[in-house]
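Visitor: I would like a close look at a single part of this model, with its surroundings described afterwards. Please take the backbone slowly and say where each statement applies.

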Amino acid sequence: MGALLEYLDQEPWRFLISFGAILFLSLNLAAILTLAERKVAGYIQLRHGPNRVGPRGLLQPAADMVKLFTKENLSPSGSDRWVFLAAPIAMFLPAPLIWLVVPFAPGVVVADLNIALLFFISITSIGALGVIMAGYGSRSNFSLLGALRGAGQLISYEVPLILSLLGVAILAGSLSLVDVVNAQDGGFWNWYFLPQFPMLIAFFVAGIAEVKRIPFDLPEGESEIVGGFMVEYSGMTWAMIQASEFGLMGLMSAVSATLFFGGWQPPLEFLDLGTFNWIWLGLKTALLMFTFLWIRWTLPRLRMDQLMDFGWKVLVPLTIFWLFVTAGAVLAFPSIFG
Amino acid sequence: MGVTLPQGELEGRLERYLEGFRGRHGLEEASVAGNAVRLVVEPGIVPAILATARESLGIMHLSYITVVDREGFYELTYELLDLRGGIVRVKTKIEGEEPVIDSVTGIYPTANWHEREAYDMFGVAFKGHPDLRRLYMWQDHFDHHPLLKSFEINTKRTFEGLR
Amino acid sequence: MLRDERRPESAALSGRETGRLANPDVRDEFGLETIDMNMGPQHPSMHGLLRLILELDGETIVRCDPIMGYLHRSKEKISENRTYPAVVPITDRIDYLGNMHMEHGYCLAVEDLLDVEVPPRADAIRVLMCELMRLASHTPSIGFLLLELGAFTPILYGFRERERIQDIFEAVTGARMMFHYIRIGGVKADLPEDMPERIWERVESMEANIQRDFVDLIEGNEIFVARTRGVGKMTQEKAIEMGLTGPPLRCTGVDFDVRRDYPYGWYPNVEFDVVTDTEGDAEASYRVRLGEIKQSVRIIKQVLEKLPEGEVMADVSRRVRPPEGEGFGRVESPRGEYAVHVVSDGSDIPYRVHYRTPCTVNMQLLQEIIPGHYLPDVMPIMGIVDPVSGSWDK
Amino acid sequence: MKGMVITLKHLFEKKITRQYPEYKRPLPERSRGLLTVDMDRCISCLQCMRVCPDHCISIEMEKRDVDGSGKARPYSVGFMIDDSRCLYCGMCVEVCPVNCIYHTEEYEVQAYDRLELARQFGERPVDPTVDPKPAIKKKKKVAKKAPETVDQRAETVQRAVTERD
């Protein structure tokens with residue numbers, strides 16, 4: 001048995017098995033998040049969420065999955081079939097890929113890239129491409145409008161996303177997420193969310209925009225353009241787009257947890273659980289995911305021009321200013337900021 | 001910026017309206033009942049009456065236009081409110097099968113949809129209306145005017161396909 | 001001949017110079033033109049079945065043409081084939097969020113025809129029920145305005161308030177929505193014994209809930225303010241010109257309220273003030289509706305304090321057979337002035353009933369105000385009017 | 001941000017929704033549910049048939065000597081309430097002299113076929129597809145020609161009667 005494990009530890013099998021595990025992780029995360037969203041929405045609105053399927057509604061994602069598998073996914077007549085079918089894949093792609101670089105526990109990471117942050121940014125822009133393909137491919141007024149809005153929003157919110165990462169990169173001195181997490185060890189007082197608080201706000205808000213959730217819900221604004229770019233999708237293709245939205249949401253909270261809240265670092269020294277530290281990463285990600293849901297069910301939606309103004313005139317200057325502040329601080333007191 | 005509404009005590013105002021109308025046009029019949037001034041006029045001078053009501057007397061609100069399909073003629077009632085308790089009812093009669101009357105959209109722009117509804121339901125055409133289309137019924141292949149007495153509703157119960 | 005000139009051609013928009021583009025000079029040399037988009041009858045935020053043909057130049061709307069009639073049941077034709085008392089359940093179904101007011105308007109018109117004197121207790125109960133209906137209609141309508149802006153939670157708080165009032169309606173009238181409670185000459189039955197206390201306590205708790213759930217949740221919210229301030233701005237002249245009534249008119253500052261200017265029923269011996277605002281945009285209409293909720297609570301308390309004694313039904317024969325002539329009734333429904341014009345020919349079937357529903361007239365706002373706004377602004381402007389499809393389609 | 005605190009507070013509040021199929025709310029005593037008829041008290045006066053605005057009650061009345069008193073009194077052989085048309089307005093309940101027709105608390109009225117919604121109460125089933133035009137005795141009060149609607153109604157009565165025989 002041990003020999004088999006060593007054999008499997010070699011490069012080709014190790015990567016395949018871990019990538020399968022990550023795919024399993026992100027798909028299930030998306031399924032669970034659909035249930036979580038409906039439960040949290042229900043509780044906020046003084047009603048129980050789904051509680052008919054399974055004990056207290058726990059089998060609801062399984063029921064949704066079965067429904068979506070059996071539903072026929074039709075595509076509009078005039079649509080460009082290949083672009084129409086390729087779009088959900090392109091949108092779902094970033095979610096599992098970026099999980100590769102997120103460190104779960106000390107020494108446990110699928111691929112320890114030393115340019116992990118650069119990898120993260122370049123992969124998320126594929127999601128933006130997916131939105132445009134979906135909108136353009138389904139050839140209908142509403143989806144075209146949704147796609148144009150989506151393009152504008154996703155691309156213009158990548159700028160603050162990138163700028164807010166640089167602050168952490170300066171402090172940690174490296175782009176690799178493993179180094180970022182190692183640089184934040186010790187108690188929670190030397191996590192990066194304290195020195196980088198405005199960057200955390202900018203990153204979180206840009207994260208919400210990247211994942212297209214309220215208040216940046218415009219590509220899919222139900223009350224105006226009825227589902228925006230995903231209006232023509234149904235069945236499995238729609239399920240893929242929903243999975244991509246929830247997968248990306250889970251991923252965004254995981255990445256912000258690693259960057260600003262010290263990944264798998266325990267908040268206090270004695271709480272260190274050795275290789276079981278991924279529990280801390282899970283807790284932090286769950287907390288951030290809850291704030292995603294919480295914001296979704298409280299705030300109304302922004303209008304397109306207000307969205308762009310907020311992005312360019314508020315987030316970008318804030319992040320640039322704070323970048324100079326961190327750079328100055330690192331130069332002025334090299335001792336503290338290492 | 002604000003809109004000035006006619007002031008003064010109700011009875012006084014109603015008398016003033018009555019004098020205002022009587023002075024300008026010959027009226028078949030004019031009386032004051034409760035808080036309403038009733039005028040019966042020929043169809044031709046309805047826009048003139050409403051113009052005096054709007055400009056000189058300051059009655060700002062046209063509440064509705066009712067068309068009643070009596071035998072052989074249509075009876076139109078324009079209900080004007082001065083938003084302070086006074087009502088002016090202008091009644092006209094249009095003879096004949098092809099009811100045509102001048103539109104008052106120029107004076108009271110709110111009459112636009114009232115007249116479209118009257119056209120849709122009774123076939124009363126309003127000359128000079130900017131966009132006389134049907135308001136409720138589907139635009140083409142429906143040449144009837146439903147609220148006419150001649151438009152008979154059938155009370156037969158259709159159960160085909162259910163047997 | 002006259003006949004053909006009068007028949008315009010089909011739905012292709014007849015004889016109207018359509019302002020093709022927002023700023024034609026720039027766009028023309030590129031040969032760009034507007035997209036014609038159908039915010040079709042089946043659309044989540046159209047308050048029922050309404051079709052807006054929008055001409056879009058990018059995101060700004062160049063021209064908007066509402067097409068109505070998808071829920072047209074022709075209440076007027078039905079009313080011409082029923083006896084007078086049988087028309088009351090019909091009027092319930094015209095504005096299904098303000099049923100009590102619809103019944104009240106029709107009954108006032110027929111009582112004006114019969115000139116029968118309604119006993120004071122019936123008048124007081126009618127006003128009590130109408131004001132409760134106004135509460136049950138304004139709370140969800142504020143929720144609708146926010147639902148269309150994307151906030152999904154306030155509408156459920158609004159419906160929680162409406163549910164509580166519907167429980168009271170069910171105990172008094174027997175039905176939750178289609179009451180058939182106000183009858184020609186009075187009210188169907190007296191209030192049950194414990195009802196005044198129950199209404200009082202329910203209305204008390206409502207004020208606190210409204211303050212916590214609506215005012216705190218929305219008032220300072222920057223996104224709500226950004227989405228509604230200055231959207232659908234109207235001047236007073238424009239509002240009066242379009243014949244608006246009710247909250248859309250009062251939010252521009254014109255203080256016209258049928259309950260005070262054309263007093264009917266029990267309103268003369270109840271004092272309340274007419275809530276007006278000065279802005280004339282979506283946020284002003286939200287404030288006016290909130291103020292009206294407070295005023296309605298005040299009226300309900302006054303009516304409950306001095307509820308007159310006596311029987312609740314005037315002695316009207318079961319077969320209502322009014323003399324020949326015309327009857328008029330005018331009521332302030334939650335959406336505006338609702339007037340009924342009944343013409344009788346002496347038989348026990350009305351000869352012609354004309355319903356002046358507030359939403360039919362307030363919907364002209366869409367045609368006049370929307371051009372020039374962005375596509376997502378159609379929702380807050382619909383929120384100003386807060387239309388009900390049964391009411392604009394009759 | 002104030003709003004966020006409020007929604008968080010609501011998160012932990014007691015839920016107010018009622019789980020419908022398991023818990024059925026007790027209806028207040030005046031609520032107007034499904035109609036039922038207490039046939040043995042019915043004196044077949046056809047009042048409810050006349051007053052019903054939607055013509056959903058249709059009764060077949062016969063003169064029959066029921067309790068052996070020698071005199072044949074009207075007896076409703078067939079009594080049908082068509083729930084697909086019923087408006088629950090309650091006018092028939094008010095008009096019935098012996099109030100044998102009344103509302104129950106039942107409100108789940110559904111069927112796969114509209115004809116199933118026509119519930120029969122008498123011995124002989126009544127055909128729901130015929131519009132039971134009530135025989136309104138029309139007094140020609142107005143000397144002048146009666147308005148068209150009355151003729152129109154009389155003419156459809158003829159049509160209904162011929163259709164039924």
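In which loop of chain C is His180(C) found?

Guide: In this predicted model, His180(C) is found in the loop of chain C that runs between helix H7 (154–173) and strand E4 (182–183). What draws attention to His180(C) is its backbone, since phi is positive, at about 55°, although the residue is not a glycine. As to its surroundings, His180(C) has 23 other C-beta atoms within 10 Å, and because 20 or more are required for a residue to count as buried, His180(C) is classed as buried.

A useful counterpart lies in chain D, where His55(D), again a residue other than glycine, has a positive phi near 50°. His55(D) sits in the loop between helix H2 (47–51) and strand E2 (57–64) of chain D. With 18 other C-beta atoms within 10 Å, however, His55(D) is partly exposed. Another backbone feature, this one in chain A, is the cis peptide bond that joins Ile214(A) and Pro215(A), with omega at about 5°; Pro215(A) belongs to the loop between helix H9 (197–210) and helix H10 (222–225) of chain A.

Turning from the loop to the chain that holds it, chain C forms with chain B the pair that shares the most contacts of the 5 pairs of chains in contact. That contact takes 38 residues from chain C and 32 residues from chain B. On the side of chain C that touches chain B, the elements giving two or more residues are helix H1 (2–6), helix H3 (75–79), helix H10 (236–241), strand E7 (336–344), strand E8 (352–356) and helix H14 (358–362) of chain C. By class, this side of chain C comprises 12 nonpolar, 14 polar and 12 charged residues. Chain A and chain B, by contrast, do not touch, and their nearest C-alpha atoms are 24 Å apart.

There remains the nonpolar interior, where the largest nonpolar core holds 272 residues, and those touching the most other members are Ile98(A), Val88(B), Val124(B), Val110(C), Leu365(C) and Ile381(C). Helix H6 (residues 120–149) of chain C gives the most to this core, with 17 residues. For Val88(B), when residues up to four places away in sequence are not counted, the residues touched are Tyr17(B), Val37(B), Leu39(B), Ala53(B), Ile59(B) and Leu80(B).

Note on methods
Residues numbered from 1 in each chain as written. Chains lettered and ligands numbered in written order. Predicted model: local features only at pLDDT ≥ 70, side-chain atom pairs only at ≥ 80, totals over all residues. Contact = placed C-beta atoms within 7 Å. Helix = DSSP H or I, 4+ residues; strand = E, 2+ residues; numbered from the N terminus. Nonpolar A, V, L, I, M, F, W, Y, C, P; charged D, E, K, R; others polar. Buried ≥ 20, exposed ≤ 12 C-beta atoms within 10 Å, placed from the backbone. Core = buried A, V, L, I, M, F, W, Y, C linked by C-beta atoms within 7 Å.
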